[in-house]
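Subject: Structure handover

Hello,

Here is the structure for you to look through. My notes on what was found in it follow below.

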Amino acid sequence: MRLIPAFLSALLATLMLTPLVRVGARAAGVLARPSSDRWHHLPTALLGGIAICAGVSLGVAVSGIERSGPLLPLTLSPAGRIMAGIFAAGLIMFLAGAADDVFKLRPTSKLVFQGFAGSVLISFGVVYPLTPWAWANAVFTLFWFVALTNALNLLDNMDGVAAGIAALGALCFAGVFALEGAWPPAALAMAVAGAGIGFLPFNFRRASIFMGDSGSLFLGALLAGLGAACAGSTSIGGISYLLVPICILAIPIFDTTLVVFTRTLAGLSIFQGGLDHTTHRLVSLGLREPQVAAVLYVLAGVGGVIGLLMAQAAGGLGLGLAGVYLVALVALGFYLSRLHTYTLDEARASGRLLVLLSNVLSRGRALEVLLDLVVFAVAYYGAFLLRFDTVLPPAQTALFERTVAVAVAGKLMAFGLFGVYRGFWHQSSIPDLHRLVKATVVGALLTAAPVMLFFQGGEVSPAVFVIDGMLVVLLAAGARASFRWLDLVRISLDHAGSRTLIYGAGRTGELVLRELQGNPELGLKPIGFLDDDPGKAGCLVHGVPVLGTGRDLPQVAAQQRVQKLVIGTKKLDAQRMHSAHLLSRGTGVELLQMELDLRAVEVTERRRVESSVG
């Protein structure tokens, strides 16, 4: 099979056809018009899926159809049948999407088309082999197809995101099928990648055309079919066959899970438009649209590489990395869920109580516990992998499966007993770390004791529990530190507020920095410190640099466009305070002072008043 010709023909066809489709869509008035629940601000042409579908079709035609018999009657090889089934399901969804772009189908109508296309896919023998029972596999495959098709459709909400993610996923699937020697689905995947990349120049920042449902449903159906076929690869053993397509399609799955979870709690429809997707939350973090696309590309690429590792002989290493990747995504989802709070006006009347529940959960401990459950399981499996050099003997695999619940329960109990969940993640400190370490040690003992007592036979390695404890500390502390790190990223990306220097890089100055960063209502954006100790120049205080001494204020103010100077030290005498005042006035910088003081509360007057009233 010709993979490169399939890619190039799809790429060039999409590049040439997209401008023509754009002209036709504008002439026909098939436009996506701005609305309150959409991200774009100008009427934009739809039907970009026509160019994408044409490009993929040409790529499939160029690659050829692998037969196992004569041309007539057409007898396809098993791999050729897989490619034909996936492409047929994709064409059905393309037609449904085009009808929706032009006539606006109801969600239930699109769901009917998805069910029909999924049934066609299954009839060609493309089935996700999750269980030993054929009927259960067929049901799961249908669910997988509908879920992934909608996932890419939901992800198509910001310029360049869906097309780029689809292209990356298709490239990774092509690599998996090439490793298996399944050339027809590999060629189809390369055609999908070529069409996605060919559409990007017209769909990236300030897109002139959208792919519409004709494109997003078409690409989603093809990726869902490729994922199901990938899971059916015979040489991928164990749990890898389930996780390979999930890792490759991690970003659409992540976005859909986040939206479905938060909207369901808020009593909102998952099919309506909204500005609560992963892309919009990343913009709330402070990223610009191209940066959002780049971040999601990187995350998708990491998932794809992990999927490729699991598809090779390095499956044990791939599984361990997949666990760490899962922890990172859950932590990111937990953080992003806090960046959008649904209001009562957004919800249906019947869902207002759920809005309150959603807001409570976003601040509560349920998601923290959920993330730690993932951490405990991943750390325990990672301990087995490291102990046995990433290749687990069958006996150790069975031991892990029998005891992972014990390990998770023991650590969860220890974390609860030591009050790990009493602190706030975004304010984690050294005492919190000490508490976490002590809880981990006790949790390791609560794991080791029952496992050593009830799973004898020489197959239990004590080193596993030591490594497990170390990994729990690293992953759990890392997850908590990620919240503080993401807070700092958001602060550094936030361009609002007056550019402010802090005079004094000592302990008081550090407290001033924390207050300015944690209280955006003050309207002050700290960009650096001044300190009269020349030795501190160039040092960082919580990521904020010391830019010079007090005498350097005129130069620093001019270079950094400083608007305000906050005194963050108690060590300035009257003369130096006067000098700072003169320097700030001479440079047009407003001088402020934040004081931290402790005073005794006088209660005598209050008691006298209370006694007179009595």
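The protein chain has 22 helices and 8 strands. Please keep in mind that this is a predicted model. Of the 614 residues in the protein chain, 49% are buried. Taking the contacts with a separation of 6 or more, 75% are made by residues that lie 24 or more positions apart.

A pair of helices

Start with helix α6, residues 161–180, and helix α8, residues 212–231. Two packed helices are described by the angle between their axes and the distance between the axes. For α6 and α8 the angle is about 25°, and the axes are 10 Å apart. Angles under 35 degrees count as roughly parallel, so α6 and α8 are roughly parallel to each other. The crossing in which α6 passes α8 is left-handed.

Which residues of α6 and α8 meet? On the α6 side they are Ala166, Gly169, Ala170, Phe173, Val176 and Phe177. On the α8 side they are Leu219, Leu223, Leu226, Gly227, Ala229 and Cys230. Sorted by class, this contact has 10 nonpolar residues and 2 polar ones, with no charged residues.

The sheet

Further along the chain, 6 strands form an open sheet. Their order is β5-β6-β4-β3-β7-β8, and the pairing is mixed. The edge strands, each pairing on one side only, are β5 (540–541) and β8 (590–593).

Both senses of pairing can be found around β6. Strands β5 and β6 pair in the antiparallel sense, over 2 bridges. In that pairing, Val541 has Val544 in β6 as its bridge partner. The hairpin of β5 and β6 has 2 residues between the strands, and His542 takes a positive phi near 55° there. Strand β4, residues 524–530, runs parallel to strand β6, residues 544–548, and 2 bridges join them. Here Phe529 stands opposite Val546 in β6.

As background for looking at the strands, in a regular strand the side chains alternate between the two faces of the sheet.

A buried aspartate

Asp468 is in helix α18, which covers residues 462–493. Is Asp468 buried or exposed? Its relative accessibility is 0%, so Asp468 counts as buried. Leaving out residues up to four places away in sequence, Asp468 touches Ala379, Tyr380, Ala383 and Lys411.

Two residues with positive phi

Leu47 is not a glycine, yet it has a positive phi of about 70°. This residue is in the loop between β2 (44–45) and α2 (48–63). With 11% relative accessibility, Leu47 counts as buried, because the cut-off for buried is under 20%.

Lys104 is not a glycine either, and its phi is positive at about 60°. The loop that holds Lys104 lies between α3 (78–103) and α4 (107–123). The relative accessible area of Lys104 is 57%. Exposed means over 50%, so Lys104 is exposed.

Two exposed residues and their distant partners in sequence

Lys571 is in the loop between β7 (564–567) and α21 (574–587). Its relative accessibility of 71% is why Lys571 counts as exposed. Lys571 and Gly504 are 67 residues apart along the chain, and their C-alpha atoms are separated by 8.6 Å.

Arg507 is in helix α19, residues 507–518. At 72% relative accessibility, Arg507 counts as exposed. Its C-alpha atom is separated by 8.7 Å from that of Gly568, and these two residues are 61 places apart along the chain.

Where to look

If you open the model, you could go through it in this order: the contact between α6 and α8, the hairpin of β5 and β6 with His542, and Asp468 in α18. After that, look at Leu47 in its loop between β2 and α2, and at Lys104 in the loop between α3 and α4.

Regards

Conventions: Residues numbered from 1 in each chain as written. Predicted model: local features only at pLDDT ≥ 70, side-chain atom pairs only at ≥ 80, totals over all residues. Heavy atoms only, no water. Axes fitted to C-alpha atoms, helices over the stretch in contact; angles between N-to-C directions. Helix = DSSP H or I, 4+ residues; strand = E, 2+ residues; numbered from the N terminus. Parallel < 35°, antiparallel > 145°, perpendicular 65-115°, else oblique. Left-handed = near helix turned anticlockwise from the far one by under 90°. Contact = heavy atoms within 4.5 Å. Nonpolar A, V, L, I, M, F, W, Y, C, P; charged D, E, K, R; others polar. Pairing = 2+ DSSP bridges. Buried < 20%, exposed > 50% of the residue type's maximum accessible area, 1.4 Å probe, protein only.
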